[in-house]
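This report describes the helices of one protein chain and the surroundings of selected residues. Please consult the sequence and the structure shown below while reading.

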Amino acid sequence: IMLTVSFWASMQTVLVALIFFFVGQLGIKHLFWALPLSYILGVFVYGYINKILKKPLEQAINYVKSLSEGNLNFKLKQITSKNELGVLNNSLYELVDNLKNIVKDIQNNSDNLASSSQQLHTTSEQLAHGANEQASSIEEVSSTMEQISANIQQNTENASTTEKSTDKTSHSIKNVAAAARLQRTQPGYH
């Protein structure tokens, strides 16, 4: 950029010097056309330098401002210029392109995370449902085991009562049998 500015400033200086050289050769009365021509030449050089420097620089500044506000929706074109402004513009283009890719990757990853979260939620609900069913089944088995235990206890008590009754009955039968034996052994039993 500095080379371009220096070149055009030098060209203007040489042309203005050349114009005033001719004015000096032709006389002071030619100053009336030389001054406006020098002024027009200066405006032309200023306009050209403004075109190649100021406008691209202002455009880059506006892009950076927009970028700093989080706006990635502006259209930036790569340019072929190899000067500093071309490098700045192309670097901004690459930055915006990379940021768009990062945002796109983040969006894809967040979508994947949301999907995985939904799957995890569904799996958790299924596990909770299965755990509730198992708890219910275990409760039923526990209740059944308690009933079986109560029945076994009752059967044990009944068996004990039956054993006592059997023992009493057996003892009574033995007493009756002994009494019958005793009676047979007594005189006068026929």
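In this predicted model, helix α2 covers residues 31-68, which is 38 residues. At 1.5 Å a residue, a helix with this number of residues should span 56 Å, and the end C-alpha atoms of α2 lie 53 Å apart, so the two values agree. The helix nevertheless bends by about 40° at N50. Just after α2, G70 adopts a positive phi of about 90°.

Helix α3 comprises residues 84-185. From its first C-alpha to its last, α3 reaches 145 Å, close to the 152 Å expected for its 102 residues at 1.5 Å a residue. The table sets out the two helices side by side.

| Helix | Number of residues | Expected span | Distance between end C-alpha atoms |
|---|---|---|---|
| α2 | 38 residues | 56 Å | 53 Å |
| α3 | 102 residues | 152 Å | 145 Å |

A separation within α3 may also be given. I138 is found in this helix. I138 and S160 are 22 residues apart in sequence, and their C-alpha atoms are 32 Å apart in space.

**Buried residues**

Which residues of α2 are buried? They are A34, S38, L41, G42, V45, I49, N50, L53, A60, Y63, S66 and L67. N50, where the helix bends, is thus listed among the buried residues. An α-helix has 3.6 residues a turn, so residues three or four places apart point the same way.

In α3, the buried residues are L85, G86, N89, N90, L92 and V96. What covers them includes α2. N89 has a relative accessible area of 10%, and it is buried because this value is under the 20% cut-off. Setting aside residues up to four places away in sequence, N89 touches Y63, L76, K77, Q78 and I79. Of these, Y63 is one of the buried residues of α2.

**Exposed residues and the surface**

Is I138 buried or exposed? Its relative accessibility is 58%, and I138 counts as exposed because this is over 50%.

A nonpolar patch on the surface is formed by L15, L18, F21, F22, L26, W33 and L37, which together have about 640 Å² of accessible area. Helices α1 (2-26) and α2 each supply at least two residues of the patch. The most comes from α1, which gives five residues. One member of the patch is F21, which lies in α1. With a relative accessibility of 45%, F21 counts as partly exposed, because this value falls between 20% and 50%.

Terms used. Residues are numbered from 1 along each chain as its sequence is written. This is a predicted model: local features need pLDDT of at least 70, side-chain atom pairs count only at pLDDT 80 or more; totals for chains, interfaces and linings use all residues. Side-chain values use heavy atoms; hydrogens and water are left out. Helices (H or I, at least four residues) and strands (E, at least two) are DSSP runs, numbered from the N terminus. The expected span of a helix is 1.5 Å times one less than its number of residues. The bend at a residue is the angle between axes fitted to the seven residues ending there and the seven starting there. Buried means under 20% relative accessible area, exposed over 50%, partly exposed in between (1.4 Å probe, protein chains only). Contact means heavy atoms within 4.5 Å. Patches are made of residues with over 30% relative accessible area and no salt bridge: like charges are joined within 9 Å, nonpolar side chains (Val, Leu, Ile, Met, Phe, Trp, Tyr) within 5 Å. Accessible areas come from the Shrake-Rupley method with a 1.4 Å probe; for residues, only the protein chains shown count as cover. A salt bridge is a side-chain nitrogen of Lys or Arg within 4 Å of a carboxyl oxygen of Asp or Glu.
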